[in-house]
Amino acid sequence: MNNQTIPVITIDGPSGAGKGTIAQMLALDLKWNILDSGALYRTLAYFMLQQNIKLKDFEENMLFIKSNFKVKFDPGTIGEPVKVIFNNDDITKKVRTEDIAKKTSDLATDPLIREFIRPCQRDFMVQPGLVADGRDMGTVIFNDAKLKIFLTASIEERAKRRQSQLKRQGSEVNMRLLLQELEERDKKDTEREHSPLIPAEDSVVIDTSNLNPEGVVKEIKTYL
């Protein structure tokens, strides 16, 4: 089947802008497939940690990693994170830790890793359609997508959201540290050499600072 006939909505933006929630709500509403690209990188970091494969040894272990890297996503239920199924095991909680987030951050800037992940991401483009959430979905991975959304929000609002998300997971978080981490992550994402975080030229930019998720989804659906 020609991939061009498969509709794709890309949802890009910085950490805490609401990408995950919006992608999940859209996938459930449209009954489409979902790709959580951040979780795909996290799963790779988790697997490399499990197998004790260092970044410098990635190339020589690439064939082994490729044959064992079987990831599926389930949109799950609103309010809960998108489910990550790795080799038929639900590893959602294991990959959504701050420890894995830090390791993922190092992996995601490496060109070899990005090259490895790209075909894995495009494999999620199957009927009836795909909602792809990430940082370079509209600019690099699905630059031929019909609808590209770039979500943004003030850094204070994003930190607040991240804090309540972590609280729900049972972690206590210092707001000042969170702001600092977000600033560092933004800097890393926007200044990196490969696939920097920028809106695609033909994307629709939506500021979610003062919008609830339902409002954002409603706005996106007007472009469908």
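This note sets out, point by point, how the main elements of a predicted model are arranged.

1. The five-stranded sheet. One open sheet has five strands in the order β2-β6-β1-β7-β8, and their pairing is parallel. Its edge strands are β2 (33-36) and β8 (204-207), each of which pairs on one side only. From one strand to the next, the twist averages 20°.

2. A strand pair within that sheet. Strands β1 (residues 8-12) and β6 (residues 130-134) run parallel and are joined by five bridges. Where a student wishes to locate this pairing in the model, T10 is a useful place to look: its bridge partner in β6 is A132.

3. Helices on the five-stranded sheet. Helix α1 (residues 19-30) packs on this sheet, where it touches β1, β2, β6 and β7 (147-152). The direction of α1 makes about 175° with that of β6. Helix α10 (residues 213-221) also packs on the sheet, touching β1, β7 and β8. The direction of α10 makes about 150° with that of β7.

4. The three-stranded sheet. A further open sheet consists of three strands in the order β3-β4-β5, with antiparallel pairing. Strands β3 and β5 (89-90) stand at the edges; each has a single partner strand, so one side of each lacks a neighbour in the sheet. Four bridges join β3 to β4, and D74 stands opposite K83 in β4. Helix α2 lies across β3 and β4, and runs at about 40° to β4.

5. Aromatic pairs. The structure holds seven aromatic pairs. One of them is formed by Y46 and F86, which are edge-to-face, with 6.5 Å from centre to centre and 85° between the planes. Because Y46 belongs to helix α2 (residues 37-50) and F86 to strand β4 (residues 83-86), this pair ties together parts that are 40 residues apart in sequence. Both Y46 and F86 are buried.

6. A second partner for F86. The ring centres of F69 and F86 are 6.0 Å apart and the planes meet at 55°, so this pair is tilted. It too links distant parts of the chain: F69 is in the loop between α3 (62-68) and β3 (71-74), whereas F86 is in strand β4, 17 residues apart. Since buried means under 20% relative accessible area, F69 counts as buried at 9%, and F86 does so at 5%. Ring pairs link Y46, F47, F58, F64, F69, F86 and F116 into a cluster.

7. The surroundings of T92. T92 is placed in helix α4 (residues 92-95). With a relative accessible area of 8%, T92 is buried. A polar contact of 2.5 Å joins its side chain to that of D90. Leaving aside residues up to four places away in sequence, T92 touches P81, V82, K83 and V84.

8. Helix α8. This helix (residues 155-168) has 14 residues, which at 1.5 Å a residue should span 20 Å; its end C-alpha atoms are 20 Å apart, in agreement with that expectation. Its buried residues include I155, E157, R158, A159, R162, Q163 and L166. In an α-helix, residues three or four places apart point the same way, because there are 3.6 residues a turn. The cover over the buried residues of α8 includes α5 (98-108) and α9 (175-191). After α8 comes G170, whose phi is positive, near 90°.

Definitions and conventions. Residues numbered from 1 in each chain as written. Predicted model: local features only at pLDDT ≥ 70, side-chain atom pairs only at ≥ 80, totals over all residues. Heavy atoms only, no water. Helix = DSSP H or I, 4+ residues; strand = E, 2+ residues; numbered from the N terminus. Buried < 20%, exposed > 50% of the residue type's maximum accessible area, 1.4 Å probe, protein only. Polar contact = N/O pair within 3.5 Å; in protein donor to acceptor, adjacent residues only side chain to side chain. Contact = heavy atoms within 4.5 Å. Expected span 1.5 Å × (residues − 1). Phe/Tyr/Trp six-rings, centres within 6.5 Å; stacked < 30°, edge-to-face > 60°. Pairing = 2+ DSSP bridges. Axes fitted to C-alpha atoms, helices over the stretch in contact; angles between N-to-C directions.
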